[in-house]
Amino acid sequence: MAIETLLIVNKSGGLIYHRNFGEACEKRKKLTSNDYLIIASTLHSILAISGQITPRALKLNQDDIDYTIPYVPGVGMPSSDSSNNSKMSKLGSFKGDDYFKESFTSWNKSGLRQLSTDQFTMFVYQTLTGLKFIAISSSVLPKNNEMETSKNLNLANQIGDNFLRKIYCIYSDYVMKDPLYSLEMPIKSENFDKKVQEMVYNVQ
């Protein structure tokens with residue numbers, strides 16, 4: 001799953017971080033900063049609307065729905081035989097060889113989590129405080145048969161959630177602990193940017 005673009009949108013719909021990776025850098029050169037602000041606010045509106053049109057039956061029976069996301073080992077981490085293995089040996093204040101190793105709950109219980117098209121796949125991870133991490137992948141999920149497609153969608157969703165939660169871990173470590181950072185403002189941390197690029201590189 002190759003990540004082309006990463007966006008972070010605050011709870012008010014403002015774009016606070018965006019980066020293009022790989023071929024997307026060339027493909028999206030024509031987009032200005034203003035274009036990305038419009039994209040972020042549009043996505044924020046779509047997520048809000050999708051939450052409002054969630055069937056009432058699902059909202060009333062949320063206790064019966066399992067929102068647990070299984071841990072997928074190795075997402076965004078260098079493989080043991082990779083020459084890039086030393087790049088992410090330090091995980092900030094997180095101990096061990098990964099940011100987490102347990103299942104976790106998805107807080108996005110009434111909105112959009114994944115959007116698949118013939119051109120790209122978009123994954124959305126929403127935090128409890130309303131911060132949204134959005135990854136756009138160039139991977140297009142194969143559509144062989146209904147059962148196979150369902151399995152592919154489920155696995156892709158799990159990988160996307162695991163990847164974006166790790167970006168959230170990096171955000172909490174390198175952005176939220178920065179005494180010079182103001183909430184809801186654009187992220188200009190070089191350390192955060194470097195860690196994100198390493199994570200994306202390892203997903204390719």
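Visitor: What makes the span of helix H2 close to the one expected?

Guide: Helix H2 covers residues 33-52, 20 in number, and reaches 29 Å from its first C-alpha to its last, close to the expected 28 Å. The expected span is 1.5 Å times one less than the number of residues. Helices here are DSSP runs of H or I with at least four residues, and strands are runs of E with at least two, numbered from the N terminus.

Visitor: What kind of model is this, and how are residues numbered?

Guide: This is a predicted model, where local features need pLDDT of at least 70, side-chain atom pairs count only at pLDDT 80 or more, and totals for chains, interfaces and linings use all residues. Residues are numbered from 1 along each chain as its sequence is written, and side-chain values use heavy atoms, leaving out hydrogens and water.

Visitor: Why is aspartate 173 called buried?

Guide: Buried means under 20% relative accessible area, exposed over 50%, and partly exposed in between (1.4 Å probe, protein chains only). Aspartate 173 has 10%, so it is called buried. This aspartate 173 is found in helix H4, residues 146-174. Leaving aside residues up to four places away in sequence, aspartate 173 touches Leu91, Gly92, Ser93 and Phe94, where contact means heavy atoms within 4.5 Å.

Visitor: Which residues of H2 are buried, and which are exposed on the other side?

Guide: Tyr36, Ala40, Leu43, Leu47, Ser50 and Gly51 are buried in H2. They cover an arc of only 100° around the axis, so they lie on the same side of H2; the arc is that of the directions from the helix axis to the C-beta atoms. On the other side of H2, Ile49 and Gln52 are exposed.
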